[in-house]
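Visitor: I should like to learn how to read a protein model, one feature at a time. May we begin with the charged side chains?

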Amino acid sequence: MISQKEVENFLKHNPALTVSALEKEAGIPKGTIAQALAGSRNLAEKHLTALFPILTKYGYSSTLYEKARVISIINHKGGVGKTTTTSSLGEALARRGFKVLLIDLDPQGNLSQILGVENPEVQVAHALLNHAQPLPIIEISENLYLSPSDIELADAEIQLILSVGGDLRLKNKLQPLLTEFEYVLIDCPPSLNKLTISAMNASNSCLITLLPEMSAVKGLNSLLQRVMEVKTNLNSELKVDGIVFTMVKKNSVHDGIKENVKENVPIRVFKTEIKHLVDFQKSQILQRPIAKFADNSEAAKNYRDFCNEFIDYLQIVK
């Protein structure tokens with residue numbers, strides 16, 4: 001049997017499934033599921049019984065969404081949109097009704113700052129160095145939470161290098177939280193250091209943000225090699241979700257580099273591109289997420305579109 005909460009969760013993860021078509025297939029009255037999703041009624045046991053084989057046909061299983069999907073947003077280079085992607089994708093997922101935890105694993109603390117958290121008294125570094133300290137969690141908005149950091153994390157990284165099980169500490173701290181959230185997004189530092197390795201070790205997958213310029217593309221092979229090293233030696237479950245191009249300009253240079261990457265790099269390149277728009281720069285100066293700075297802007301729409309494409313992709317890989 002399937003519960004109403006499981007029906008709602010499955011449909012939330014599978015927006016391509018239309019309610020009216022499911023009602024018709026299951027032979028239940030028109031509007032029944034829509035009313036349940038709106039919170040104005042409960043699905044009767046006979047409706048849940050009728051829906052179970054239909055949703056199973058479309059990929060439902062009782063263990064499908066038991067634990068959060070942990071995703072590291074990575075690149076060895078700074079200024080390629082990792083933090084903006086982490087915050088914007090997180091907000092877009094939260095608006096879709098998913099419970100999301102953002103982890104600031106960059107000692108610069110930019111993710112924490114744009115979400116309004118500066119000089120946090122309790123932060124990620126404390127949890128990584130103290131076995132009794134859980135990851136701190138701050139509620140930012142409905143469905144969106146943050147584990148903050150600042151420059152203290154740089155000192156913690158040095159200690160982690162010398163500590164037994166340093167690579168495993170973030171993964172271990174996340175374990176009790178995986179049933180509380182649906183997505184965990186980790187904003188990684190602009191390097192392939194201990195912190196980035198720890199993030200990949202704790203993750204199901206990586207998302208690479210890539211500026212379509214030669215300086216950013218040159219190190220892509222090294223980045224992918226490091227991912228494979230982590231997969232081989234530490235985390236056999238690790239996957240690369242793909243590349244999202246950021247700060248894209250409409251010119252022949254960017255167009256040529258994008259085509260070169262698509263032809264020569266054997267991983268998914270998402271169709272949605274994050275354009276080079278002034279609203280991104282303005283929101284960074286004011287230290288505000290793009291959705292709060294200019295929710296109706298093209299910049300905010302870019303990330304909503306990417307969120308939709310990313311969720312559709314996740315239904316393929318589960």
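Visitor: How far apart, N to O, are the side chains of Lys275 and Glu298 in their salt bridge?

Guide: A salt bridge is a side-chain nitrogen of Lys or Arg within 4 Å of a carboxyl oxygen of Asp or Glu. Lys275 and Glu298 meet this rule at 2.8 Å, N to O. Lys275 belongs to the loop between H13 and helix H14 (278–285), while Glu298 is in helix H16 (residues 298–317), so the pair ties together parts that are 23 residues apart in sequence. Helices (H or I, at least four residues) and strands (E, at least two) are DSSP runs, numbered from the N terminus. This is a predicted model, in which local features need pLDDT of at least 70 and side-chain atom pairs count only at pLDDT 80 or more, whereas totals for chains, interfaces and linings use all residues. Residues are numbered from 1 along each chain as its sequence is written, and side-chain values use heavy atoms, with hydrogens and water left out.

Visitor: Are Lys275 and Glu298 buried or exposed?

Guide: Buried means under 20% relative accessible area, exposed over 50%, and partly exposed in between (1.4 Å probe, protein chains only). Lys275 is partly exposed because its relative accessible area is 38%, and Glu298 is partly exposed at 40%.

Visitor: How many salt bridges are there by this rule?

Guide: The count comes to eleven. One of these joins Asp305 to Lys301, with the closest N and O atoms 2.8 Å apart. Both residues lie in helix H16, four residues apart, about one turn of the helix. An α-helix has 3.6 residues a turn, so residues three or four places apart point the same way. Asp305 is partly exposed at 30%, and Lys301 is partly exposed at 45%.

Visitor: Which residues are linked in a network of salt bridges?

Guide: Lys250, Asp255, Lys258 and Glu273 form such a network. Within it, the closest N and O atoms of Lys258 and Asp255 are 3.6 Å apart. Lys258 and Asp255 share helix H13 (residues 252–264), where three residues, about one turn, separate them. Lys258 counts as buried because its relative accessible area is 7%, whereas Asp255, at 26%, is partly exposed.

Visitor: How many residues does the largest nonpolar core have?

Guide: A nonpolar core is a set of buried Ala, Val, Leu, Ile, Met, Phe, Trp, Tyr and Cys residues joined through side-chain atoms within 4.5 Å. The largest here has 48 residues, and those with the most contacts inside it are Leu170, Leu174, Val184, Ile186 and Val261. Helix H12 (residues 220–233) gives the most to this core, namely five residues. A second, separate core has 34 residues, including Leu89, Phe98, Ile140 and Phe310.

Visitor: Which residues is Leu174 in contact with, leaving aside its neighbours within four places in sequence?

Guide: Contact means heavy atoms within 4.5 Å. With those neighbours set aside, the partners of Leu174 are Val70, Leu101, Ile103, Leu135, Val184, Ile186 and Ala202.

Visitor: Why is helix H10 described as largely enclosed?

Guide: Seven of the eight residues of helix H10 (residues 194–201) are buried, so the rest of the structure largely encloses this helix. The buried ones are Leu195, Thr196, Ile197, Ser198, Ala199, Met200 and Asn201. They pack against S1, helix H8 (152–162), helix H9 (169–174), strand S5 (183–187), strand S6 (205–210) and H12.

Visitor: Where does Ser72 lie, and what does Ser72 touch?

Guide: Ser72 is in strand S1 (residues 69–74). At 0% relative accessibility, Ser72 counts as buried. Not counting residues up to four places away in sequence, Ser72 touches Ile186, Cys188, Ala199, Met200, Ser203, Ser205, Cys206 and Leu207.

Visitor: At roughly what angle do the axes of helices H2 and H4 cross?

Guide: Axes are lines fitted to C-alpha atoms, for helices over the stretch in contact, and angles run from 0 to 180 degrees between N-to-C directions. The axes of helix H2 (residues 19–26) and helix H4 (residues 45–57) come within 9 Å and cross at roughly 120°. H2 is therefore oblique to H4, given that angles under 35 degrees count as roughly parallel, over 145 as roughly antiparallel, 65 to 115 as roughly perpendicular and the rest as oblique. Leu22, Glu25 and Ala26 of H2 make the contact with Ala50, Leu51, Ile54, Leu55 and Lys57 of H4.
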